[in-house]
Amino acid sequence: MSTSEDNTSTPAAPSNPAKAAGTATPSAPDSDLAQRWQNLADQVRYHREKYYYADPEISDAEFDSLLRELKDLEAAHPEVVTETSPSTEVSPAPPQSSPFRNVDHRERMLSLDNVFNTEQLETWLNRTPAETYLTELKIDGASINLLYVKGQLQLALTRGDGTTGEDITHNAETLNDIPSQLHGTDDYPVPDLVEIRGEVFITIDDFHSMNAQRQAEGLKMFANPRNAAAGAMRQKNAADTAKRPLRLICHGIGAREGFEPASQHDAYKAIETWGLPVSPYTKQVHTTKEVFNQVDYWGSHRHDAAHEMDGLVIKVDDVASQRKLGTTSRAPRWAIAYKYPPEEALTTLHNIRIGIGRTGRATPYAVMEPKYVAGSTVTMATLHNPTETHRKGVMLGDRIMIRKAGEVIPEVLGPSEDARDGSQVPFLYSTLCPECGTRLAPSKEGDADWRCPNTRHCPGQLHTRLTYLSGRGAFDIDALGEKGAFDLIHSGVLADESTLFDLTADDLTRTTVYSRNTSAAERKENPERQRKLNKAGETLLERLHDAKSVDLWRVIVAFSIRHAGPTAAKALAKHYGSIAAISEASVEDMSSIDSVGGIIAESVHDWFEVDWHRNIVEQWAKAGVRMESPEGDAATAGRDTREGDATVPDQTLEGLTIVVTGSLENFDRTEAKEAIEDRGGKATGSVSKNTDYLVAGEKAGSKLTKAEQLEVPVLNEQQFQRLLEDGPDGLELKAQSEA
């Protein structure tokens, strides 16, 4: 999922992938297709946000597969795209509640499009001819944007959503590879202003050394170098960042004043001259054959690089050609990433265990002979669900093929049946929950997943819910980790999460993580007091108090409602402004909200129908957890208030529902939708009797026909611009004056 790319030219207007596909638009989306699109879009947004917080749940390859499936669906059925698609976005926007300041990039910081085989690469090369290409390794790290003014480092930002990043200057300053002052030469003088884009990473050798040290100290080891690097750059304390062996490689430039390179290669030479590191693996090539030679070479030498890599980036070298080619909404057209297939390896299956997730899902996973694959040693791999386990036919003692797709979660592909010698033992999938003994079963007939129905009191589910709600995407209670959650449950302090915010010092003395034995002197003073709160306990109580005032969307995330991640939670908080309003909302009403949709709406509605869920809400509210946005926030929750933003446009379209169809000269579909929503309107993808206006461009098609049948007012692009500026009244006055 990691992408490392920046533009050296002014970005072109965003483009809609469905529109670009050139597919004819049917009259109305099929409901099954529309639901499939919404589900895919929700999954892509959710997993992209998890990746942003260095907490991925699926592999890069699985994410790529989801995104490809979404794009294919949009290309074949553009009518199903009823809101801004995640396929047109770079990555999730930085959260307003982030501990870091949100700052706009001077020039947008884009992502990369991918190809996955030589045929796709050849198509791109034929579409993008050039005299010179650059090939460079696709670094699996964390993107960063460095702003230098008069040679002095002013800002270091994460990529964020491509327009706005988080200010991580305090962490960037700890890297030896990032100079505070650039030094120029006669050939490459330091420009007045320049944004330099790069990737922060940890070398493979340094990663193993760091993990070995952490293991010796009893600390949690990192899953892979990328997560360790990304997590380090978003730490609040720069001293903690400085402890990690972070490196930097620069791979592009953004805004600049007083510097205009003729080629990408020239830009790299300048960056290196100024004192910043560039990749030693970059090579200029001049023919498509040489490009494929580089692809083949690095495909068989993936572990020769000092850092982890999952592909080869090919760029048009000439900057003038880059400008001419332009960009889409999320990626430059002059660059592409060739993604190598995930690596596979054979190992021995020792056991199969069952893990219980926060929503009760029972996931079988293989415990294997340790195997070094795709840059790290793995000992466990997922088997997904009982149906898949049975389908793959693995037996205990089998030699199995595993795939570490994207260096996150390995999966079992299947057994090597030729290697069986008769000692293998069939695995019988338990029908009982390993955590609480409740009988496992599918939620509904035909469901591949089995779940534990003891949702409230199952220790496994409660444990994962507590660790989830304490994470950065929810209450951000850093004192409540996996060990602490386990202790609170198994010491009998918490029966469920409803009393979390009622915890007292006396409660915590019943735990071992949050209390200690009193000293002899303390017992002499108070013989009945055997245990006393320790520093971790004091910190937990402080963090619980602070967490009561978090933003409303974080409370929604903390409920652990199935499918309802941060994106949907923000949309619900913005629309309703309180938990009470959300709990009373209908599925139909919620599903009409952008970033929510039918699946999430039904899940949210069903969650509030459960008695013990409502008890959580009541208990948290009694304890002082804020269950509504501050006055006025319902209308502005989720709106950026970043430094340098333009003022919020007048709400000229408040309460209006508008459909845009066909090709507009000055707007693509995404820009038109954003313009409508910025002014308080609702942009939808289908015409109905509730539609106030249809904006029709060239080749408007069936939506125009339907609007005429329903007598919905139809506007051309010029009229649409008047509507944006002055609202319906201004449009009518203009029409009268022209008459």
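The buried residues of helix α14 are covered by elements that include α13 (459-469) and α15 (505-508), with contact taken as heavy atoms within 4.5 Å. Helices here are DSSP runs of H or I with at least four residues, strands are runs of E with at least two, and both are numbered from the N terminus. The model is a predicted one, in which local features need pLDDT of at least 70 and side-chain atom pairs count only at pLDDT 80 or more, while totals for chains, interfaces and linings use all residues. Residues are numbered from 1 along each chain as its sequence is written, and side-chain values use heavy atoms, with hydrogens and water left out.

Helix α14 itself spans residues 482-490, and its buried residues are Gly 484, Ala 485, Asp 487, Leu 488 and Ile 489. Buried stands for under 20% relative accessible area, against over 50% for exposed and partly exposed in between (1.4 Å probe, protein chains only). After α14 comes Gly 492, with a positive phi near 85°.

A second helical region brings α4 (residues 118-127) and α10 (residues 288-300) together: their axes come within 11 Å and cross at roughly 145°. Axes are lines fitted to C-alpha atoms, for helices over the stretch in contact, and angles run from 0 to 180 degrees between N-to-C directions. Helix α4 contributes Thr 118, Leu 121, Glu 122 and Leu 125 to this contact, and α10 contributes Thr 288, Val 291, Phe 292 and Val 295.

Turning to the strands, pairing requires that DSSP finds at least two bridges between them. An open sheet of 4 strands has the order β24-β23-β25-β26, with parallel pairing. At its edges lie β24 (682-684) and β26 (714-715), each paired on one side only. Within this sheet, 4 bridges link β23 (residues 657-661) and β25 (residues 693-696) in the parallel sense, and Val 659 faces Leu 694 of β25.

Antiparallel pairing is found for β7 (residues 193-201) and β8, which are joined by 8 bridges; here Val 194 stands opposite Arg 256 of β8. Strand β8 (residues 247-257) is mostly covered, with 9 of its 11 residues buried.

Strand β12 (residues 343-356) runs antiparallel to β16 (residues 399-404), with 6 bridges joining them, and Thr 347 is placed opposite Ile 400 of β16. Another 7 bridges join β12 to the antiparallel strand β13 (residues 361-373), where Asn 351 stands opposite Val 367. The hairpin of β12 and β13 has 4 residues between the strands, and Gly 360 takes a positive phi near 90° there.
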